[in-house]
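Work through the exercises below with the structure in view. Try each task before reading its solution.

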Amino acid sequence: MLTNNFFSLEISVAEAEKRTGKNTVNMQEIYTVYLIETRPVDALTEGITPDSLWRRYSEFELLRNYLLVTYPFVVVAPLPEKRAEIVWHKLSADNMDPDFVERRRVGLENFLHRVASHPVLCNDNIFNIFLTEVNWKEMVYETGFQAKADSRLKAVNAAFRVKNPDGRFTELKHYSDELQTVLSQLLRVRARVADRLYGVYKVHGNYGRVFSEWSAIEKEMGDGLQSAGHHMDAYAASVDDILEEEEHYADQLKEYLFYTDALRAVCRKHELTQFELEMVALDLACKKQQKEELVTGTVRTFSLKGMTSKLFGQETAEQREAKLQVLEQQLKEGEEAVKEKNTESDEFVKTAWVDIERFKDQKDRDLKEALISYAVMQISMCKKGIQVWTNAKECFNKM
């Protein structure tokens, strides 16, 4: 058992429940709530009843948004999809479908486990309150996290105007884009294969029907044909469980598909931090130039000040001295701002890169395990097909 307070909690999203109520505009709506259960790990063997509360999906979204703003250097785990995407055509895309709700329940539990096992996020007080306090929203809003959130326009502006981007973050941004493309393509291929696999399995049910009809007109061959037909029927029916298991592996891939946006969020924050540093450094450079021009009485670039001097004459010594004093104060403040932004940028890069390396190890481990498990499942499925036809062959031999 890990010593961290939150690691010592057993966390589960035990069940989902459909409810009816009124939304913010007083309209009746149907929604799903999820039961979160927590209890100390050392209480598992003592039969202690877990603490429990219900949460809506939107509350999980609020928690994640808070974590994104509060810990911009962390690759925050994504939530499972709100509505089914990239699915094979027989799978329901309805977000109230029981199978989809169950997969989302598993995904929400996985999200909580990701946060609880993170070396930084697990210590967050709001996360603990989310798990244990029914009325938690007031407390999360009191943190003022919404006011700290960077606007999308501000982030886009920084991305285009930053002059000295960190090559590591630029490369990471490109990697996240490429990983998103690859995983999207993989999921689409898998959906097409699932469609065809479903058709192949169900067509075997036609073998069962034909063998059964044939057995009715045969005396010597009838029992063998009917037995073979039963094997074919069982084979055709087995595809539903197979494809349901496949969805589990697809959801694992989707988690990392959504993780790519979390990676880009860290990159955007770094671009914004770098842009702000460059802006205060540029402002300081401008102030230094203004001081030089004021001291020497020469204007190196075209300016309104230069034109004014030519038209109305030079400033008096007292005016220049007053301006110099103001500039000296601004230069002092500017140097402090640059120092502060440099420290902020260095700290962000340091902490972000530690978490990025942690994420890379996690990604490599999880995707390797998922792909191996998927291959094992495919092998098992093929063996089942071989066994069905082996059984059918034995039935034919007995005729």
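Helices are DSSP runs (H or I, at least four residues), numbered from the N terminus. This is a predicted model, in which local features need pLDDT of at least 70, side-chain atom pairs count only at pLDDT 80 or more, and totals for chains, interfaces and linings use all residues. Residues are numbered from 1 along each chain as its sequence is written, and side-chain values use heavy atoms, without hydrogens and water.

**Exercise 1.** Describe the second largest pocket and its lining.

*Solution.* Start with the volume: about 530 Å³. A pocket is an open set of points on a 1 Å grid over the protein atoms alone, where a 1.4 Å probe fits, with protein on both sides within 12 Å along at least five of seven lines; lining residues have an atom within 4 Å of a point. Volume is the space filled by probe spheres set on the points.

Next, the lining has 25 residues, and G107, N110, D251, Q252 and E255 are the closest to the pocket centre. α2 (98-116), α9 (239-296) and α11 (317-397) each give two or more residues. α2 gives the most, with 9 residues.

Last, sort the lining by class: 10 nonpolar, 4 polar and 11 charged. Here Asp, Glu, Lys and Arg count as charged, Ala, Val, Leu, Ile, Met, Phe, Trp, Tyr, Cys and Pro as nonpolar, and the others as polar.

**Exercise 2.** How do α7 and α9 cross?

*Solution.* Take the axes, which are lines fitted to C-alpha atoms over the stretch in contact, with angles from 0 to 180 degrees between N-to-C directions. The axes of α7 (residues 167-215) and α9 come within 9 Å and cross at roughly 165°. So α7 is roughly antiparallel to α9 (angles over 145 degrees count as such). Their contact holds 20 nonpolar, 5 polar and 10 charged residues.

**Exercise 3.** At what angle do α7 and α8 pack?

*Solution.* α8 (residues 222-237) packs on α7 at about 160°, with the axes 7 Å apart. Therefore α7 is roughly antiparallel to α8.

Key
Parallel < 35°, antiparallel > 145°, perpendicular 65-115°, else oblique.
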